[in-house]
Amino acid sequence: MLTVTHDRFRLAEVFTIARGSRSHADVVSVHLRREGAQGRGECVPYARYGETIESVSREIEALADGIGREALQGILPPGAARNAVDCAFWDWEAKRAGKRVWELAGLSAPGPLITAFTLSLDTPDRMEAAARKHAARPLLKIKLGTPDDMPRLEAVRRGAPDTRIVIDANEGWSADVYAELAPHLIGLGVAMVEQPLPAGEDGMLAEIARPLPVCADESCHDRASLPALKGKYDMVNIKLDKTGGLTEALALRDAARAEGFGVMVGCMVGSSLAMAPAILVAQGADIVDLDGPLLLAEDREPPLIYDAQGVHPAPPGLWG
């Protein structure tokens, strides 16, 4: 039996990107109960892809009783709804078998991972203050994507002079803006830029020099996305809410590496339950961005552990 709930978590601070701001993380949670075992999964419906809490909940509630994880891949498309159910299946399978998900998936035992910490879009002064507050973190991800990005980035670098930085333009630039900014970004020590151009309007990336590595986010969903990314992107950002779950995320990771792409594993703003399966995908990734719980004022119990080693694999009581 599948049970669907809408859960809300308060954010520690208002989180802003180029598309808007939020003060809460709204998620859809799935509980799968069968044969005396229970599995859980979580997804974050994303308006950018036409998803809402209501539409995703309806997709899940319409699933027939008795389906399995393999059949699920052909019933629901890649997206948030399939992610929550797929991850609930993995959790259920592990609990029924008395094993961890990484064992069932044929993976090596996971370890802790250094993750980015995201600074949301704000005024240069406030972003500098935020960067200074988090300057001890090894990796900061900066939300940009406006006509006034350079003063913001310069302010962040002043606040965190030694930290590795990646930036997410959230489809907010043009090819000309990227080409103009890239040398300055390199001079400021930026390691990578994520999705500078709108998905579907990114063809120019194949025709211009990319001195700064470019990562596909909104342009990459599952393995079917990869052929269109060749020559335009250097990396792909794998998010379970885009792939439709752990099953496809693992397959996308392997396919992307085989095609020569670097791998980033990211997240929406969700709880520890949403991050837990992504930690398995992120083992060995070039960049890890699984900081969702760090942005929350409240979380699941038991939560993931974040410390100087990074984010640790989930305890069995949480997932997997």
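The following legends describe close-up views of a predicted model.

**Figure 1. A salt bridge joins glutamate 42 and arginine 300.** The closest approach shown between the two side chains, from N to O, is 2.8 Å. This pair links distant parts of the chain, for 258 residues separate the two partners. Glutamate 42 belongs to strand β3 (residues 37-43), whereas arginine 300 lies in the loop between β11 (287-288) and β12 (306-307). Glutamate 42 has a relative accessibility of 2% and therefore counts as buried. Arginine 300 is also buried, because its relative accessible area of 10% is under 20%.

**Figure 2. Glutamate 128 and arginine 158 form a salt bridge.** Their side chains meet at 3.2 Å, N to O. The salt bridge links two helices: glutamate 128 is in helix α5 (residues 124-133), and arginine 158 is in helix α6 (residues 149-159). The two residues are 30 residues apart. Glutamate 128 is buried, with a relative accessible area of 14%. Arginine 158 has a relative accessible area of 48% and is partly exposed.

**Figure 3. Aspartate 234 is paired with arginine 210 in a salt bridge.** The closest N and O atoms of this pair are 3.1 Å apart. Aspartate 234 is found in the loop between α8 (226-229) and β9 (235-238), and arginine 210 in the loop between β7 (190-194) and β8 (214-216), so the salt bridge ties together parts that are 24 residues apart in sequence. Aspartate 234 is partly exposed at a relative accessible area of 27%. Arginine 210, with 23% relative accessibility, likewise counts as partly exposed.

**Figure 4. Salt bridges with shared partners form one network.** The residues joined in this way are Lys141, Lys143, Asp168, Glu194 and Asp289. In total, the structure holds 24 salt bridges. Side chains of opposite charge can pair when their charged atoms come close.

**Figure 5. The largest nonpolar core contains 77 residues.** Which residues touch the most other members of this core? They are Ile142, Ile167, Leu185, Leu246, Leu290 and Trp319. Helix α11 (residues 272-282) supplies the largest share of the core, nine residues. Leucine 185 touches Met150, Leu153, Ile167, Trp173, Val190 and Leu212, when residues up to four places away in sequence are not counted. Nonpolar side chains tend to be buried together in soluble globular proteins.

**Figure 6. Another nonpolar core lies apart from the largest one.** This core has 20 residues. Among them are Ala37, Ala80, Phe89 and Trp92.

**Figure 7. Strand β7 runs parallel to β6 and to β8.** Strand β6 (residues 164-168) is joined to β7 by four bridges. Within this pairing, isoleucine 167 stands opposite valine 193 of β7. Between these strands the chain passes through helix α7 (residues 175-187), and the resulting β-α-β crossover is right-handed. Two bridges join β7 to β8. Here glutamate 194 has cysteine 215, in β8, as its bridge partner. Is strand β7 largely enclosed or largely open? Four of its five residues are buried, so β7 is largely enclosed by the rest of the structure.

How values were computed: Residues are numbered from 1 along each chain as its sequence is written. This is a predicted model: local features need pLDDT of at least 70, side-chain atom pairs count only at pLDDT 80 or more; totals for chains, interfaces and linings use all residues. Side-chain values use heavy atoms; hydrogens and water are left out. A salt bridge is a side-chain nitrogen of Lys or Arg within 4 Å of a carboxyl oxygen of Asp or Glu. Buried means under 20% relative accessible area, exposed over 50%, partly exposed in between (1.4 Å probe, protein chains only). A nonpolar core is a set of buried Ala, Val, Leu, Ile, Met, Phe, Trp, Tyr and Cys residues joined through side-chain atoms within 4.5 Å. Contact means heavy atoms within 4.5 Å. Two strands pair if DSSP finds at least two bridges between them. A crossover is right-handed if, with the strands pointing away from the viewer, the path from the first strand over the helix to the second runs clockwise.
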